[in-house]
Amino acid sequence: MDQSLNYIIPLYAVLFTGLWLYITASVIRLRLKYSIGIGHKNNEKLERKIRAHGNFSETAPFGLLVLLICALQTPPHLLLHLWGMTLFVGRLLHFIGLSKTSGKSRPRVVGMLLTILAILGASITGLIYSFL
């Protein structure tokens with residue numbers, strides 16, 4: 001078995017879990033602060049955090065799955081780290097950008113572009129190495 005499955009994929013799983021826990025805690029803090037149990041009751045700050053949490057939860061697992069499938073094709077470890085770190089930084093920047101404003105922001109745009117790049121790059125890398 002290739003070592004990438006033993007330490008590279010778990011490394012990114014732990015990083016994403018940590019970020020997910022942080023984002024989840026940020027939603028919980030605002031819910032407690034404003035005594036809002038469900039929904040956002042027109043609280044824009046809470047609405048942005050909820051959406052940031054939802055967006056992370058929608059894209060990060062898919063990105064990790066693509067990274068895992070890529071790793072199964074045993075590409076060079078450097079490529080797995082490139083796509084894994086690109087995905088992580090992309091998700092982090094997107095969270096930061098969306099947390100600050102519901103409008104357009106540089107971190108949000110760059111974060112989404114990095115996310116798309118990482119998922120596309122890992123997909124293509126996995127496809128190429130499946131034929132080698």
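Buried means under 20% relative accessible area and exposed means over 50%, with partly exposed in between. Keep that in mind for the close-ups below, which come from a predicted model.

**Figure 1. Leu72 and the nonpolar patch on the surface.** Leu72 sits in helix α2. Its relative accessibility comes to 48%, so Leu72 goes down as partly exposed. Leu72 has company here: together with Phe62, Leu65, Leu68 and Ile69, it makes up a nonpolar patch on the surface. Add up the accessible area of this group and you get about 450 Å².

**Figure 2. Inside the largest nonpolar core.** Now for the inside. Nonpolar side chains tend to be buried together in soluble globular proteins. In this model, the largest nonpolar core counts 23 residues, and Tyr12, Phe16, Phe56, Leu67 and Leu80 have the most contacts inside it. Four helices chip in at least two residues each: α1 (4–34), α2 (44–72), α3 (77–100) and α4 (106–130). Helix α2 gives the largest share of this core, with eight residues.

**Figure 3. Phe56 and what it touches.** Here we zoom in on one of the core residues with the most contacts, Phe56. Skip the neighbours within four places in sequence, and Phe56 is in contact with Phe16, Leu19, Trp20, Ile23, Pro61 and Arg91. Among these partners, Phe16 is also on the list of core residues with the most contacts.

**Figure 4. Lys49, a buried lysine with no salt bridge.** Lys49 belongs to helix α2. Where is the nearest side chain of opposite charge? That would be Glu44, and it is 12 Å away from Lys49. What Lys49 does touch, once residues up to four places away in sequence are set aside, is Ser26, Val27, Leu30, Phe95 and Ser99.

**Figure 5. Ser99, seen from the other side of that contact.** Ser99 is part of helix α3. With a relative accessible area of 13%, Ser99 falls under the 20% cut-off and therefore counts as buried. Beyond its neighbours within four places in sequence, Ser99 is in contact with Arg48 and Lys49.

**Figure 6. Leu98 and its contacts.** Helix α3 also holds Leu98. Is Leu98 buried or exposed? Leu98 is buried, because its relative accessible area is just 4%, against a limit of 20%. Leaving out neighbours within four places in sequence, the residues in contact with Leu98 are Arg48, Arg51, Ala52 and Arg108. For scale, the C-alpha atoms of Leu98 and Leu15 are separated by 20 Å, and the two residues are 83 residues apart along the chain.

Note on methods:
Residues numbered from 1 in each chain as written. Predicted model: local features only at pLDDT ≥ 70, side-chain atom pairs only at ≥ 80, totals over all residues. Heavy atoms only, no water. Core = buried A, V, L, I, M, F, W, Y, C linked by side-chain atoms within 4.5 Å. Buried < 20%, exposed > 50% of the residue type's maximum accessible area, 1.4 Å probe, protein only. Contact = heavy atoms within 4.5 Å. Lys, Arg positive; Asp, Glu negative; His and termini not counted. Salt bridge = Lys/Arg side-chain N within 4 Å of Asp/Glu carboxyl O. Patch = residues over 30% accessible without salt bridge, like charges linked within 9 Å, V, L, I, M, F, W, Y side chains within 5 Å. Areas by Shrake-Rupley, 256 points an atom, 1.4 Å probe, with all protein chains shown as cover.
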